[in-house]
Amino acid sequence: MEFQKTPGWLDWFAVPSAPTFKLPAGAVDAHCHVFGPGAEFPYAPERKYTPCDASKARLYALRDHLGFARNVVVQATCHGADNRAMVDALVHSNGKARGVATVRRTVSDAELQQMHAAGVRGVRFNFVKRLVDFTPKDELMEIAARIAPLGWHVVIYFEAVDLPELWDFFTALPTTIVVDHMGRPDVSKPVDGPEFELFVKFMRDYPNVWSKVSCPERLSLTGPKALNGEQNAYRDVVPFAKRIVETFPDRVLWGTDWPHPNLKDHMPDDGLLVDFIPHIATTPELQQKLLVDNPMRLYWPEEK
Ligand SMILES: O=C(O)c1cc(C(=O)O)oc(=O)c1
């Protein structure tokens with residue numbers, strides 16, 4: 001099948017630099033995606049965007065280039081609840097990738113078991129309106145109850161303004177919860193203002209809540225962009241991510257978000273994105289937890 005990319009689509013950065021920051025041994029890129037290829041794994045009819053292809057081979061080449069040891073491949077919304085591309089990436093990773101799926105309530109127990117065997121360890125619930133149609137909360141709660149006995153967790157993606165209305169649902173979930181991209185704070189607001197304080201309270205009051213401190217390239221309003229050797233990219237995001245890393249050092253994850261779906265302004269150099277990490281995790285101890293110990297505990301607990 002032939003797919004036409006969404007107009008204005010930005011493809012991933014073809015020649016990422018080698019990072020200056022040396023990742024600790026065993027570092028995990030805990031948030032990245034594969035797209036298709038569409039000819040092999042068609043994009044879902046209900047998708048809100050049509051991406052460029054971004055294959056598992058490209059993802060694993062980037063892993064090696066940047067110095068990561070492993071990946072967590074998160075189901076992208078352009079594939080809906082058809083997890084074949086993501087699962088195919090896992091089963092061809094030599095055990096170096098685990099995954100997060102999207103499922104409907106119609107998923108069978110046998111399908112969940114097959115995904116578990118392939119390396120899936122979580123499901124993703126998405127509340128970002130430009131990415132997905134609404135799924136009723138009772139369906140999501142039913143799914144959460146079904147995946148909990150497998151030891152899986154729930155990944156949630158939402159925007160900061162929506163946290164108050166989603167609070168009761170999130171805090172009723174029976175599993176570990178992992179928030180994508182810090183719940184998308186508006187970084188033009190103060191880091192100690194009411195909106196981000198609510199997110200900090202969410203993590204403080206609920207010890208089962210983790211956060212990915214990823215996607216400065218999405219959240220930044222002032223840049224500078226991670227391009228052309230820039231070592232001080234996305235400065236306005238640093239106070240937010242640094243606060244979460246330092247307050248909850250044992251419940252944070254980091255990922256590239258490659259191939260960076262839906263960026264409109266620029267496509268970052270992934271090597272320079274890695275160079276952002278020591279600005280938010282400023283000591284070797286914090287870096288070890290963020291990049292190795294925490295993702296290993298969540299995704300490869302049998303190896304700890
Ligand atoms: O902000 C986004 O556009 C975005 C989209 C997706 C997806 O389509 O799955 O995943 C992400 O992590 C971020």
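Eight strands make up an open sheet, lined up in the order β1-β2-β3-β4-β5-β6-β7-β8 with parallel pairing. Its edges are β1 and β8 (252-253), each of which pairs on one side only. Pairing here asks that DSSP find at least two bridges between two strands. Strands and helices themselves are DSSP runs numbered from the N terminus, with E over at least two residues for a strand and H or I over at least four for a helix. In general, strands of a sheet pair through backbone hydrogen bonds, either parallel or antiparallel.

Before going on, a word on what you're looking at. This is a predicted model, in which local features need pLDDT of at least 70 and side-chain atom pairs count only at pLDDT 80 or more, while totals for chains, interfaces and linings use all residues. Residue numbers start from 1 along each chain as its sequence is written.

Start at the β1 edge. Strand β1 covers residues 28-32, and five of its five residues are buried. Buried means that 20 or more other C-beta atoms lie within 10 Å of the residue's own; 12 or fewer makes it exposed, anything in between partly exposed, and the C-beta atoms are placed from the backbone. Strand β1 runs parallel to β2 (residues 70-74), with three bridges between them, and V28 sits opposite R70 of β2. Put helix α1 (residues 56-66) between these two strands and you have a right-handed β-α-β unit. Right-handed means that, with the strands pointing away from the viewer, the path from the first strand over the helix to the second runs clockwise.

Now hop to the other edge. Strand β7 (residues 209-212) and β8 are parallel and joined by two bridges, and K212 has L253 in β8 as its bridge partner.

The loops hold some backbone oddities. The G36 to P37 peptide bond is cis, its omega near 0°, and P37 belongs to the loop between β1 and α1. A second cis bond runs from G223 to P224, with omega near -5°; look for P224 in the loop between α7 (216-219) and α8 (238-247). Then there's R184, a non-glycine with a positive phi near 45°, in the loop between β6 (177-179) and α6 (194-205). R184 counts as buried because it has 20 C-beta neighbours inside 10 Å.

D257 is also not a glycine, yet its phi is positive at about 65°. You'll find D257 in the loop between β8 and α9 (270-274), and it is buried because 24 other C-beta atoms lie within 10 Å.

D257 also brings us to the ligand, whose surroundings are A76, T77, C78, L131, D180, R218, D257, P261 and N262. To be near the ligand, a residue needs its C-beta atom, placed from the backbone, within 6 Å of it. This shell splits into four nonpolar, two polar and three charged residues, where Ala, Val, Leu, Ile, Met, Phe, Trp, Tyr, Cys and Pro count as nonpolar, Asp, Glu, Lys and Arg as charged, and the others, Gly among them, as polar.

Finally, step back to the whole protein chain. Its secondary structure amounts to 11 helices and eight strands, and 43% of its 304 residues are buried. The C-alpha atoms fill a box of roughly 45 × 45 × 40 Å along the principal axes.
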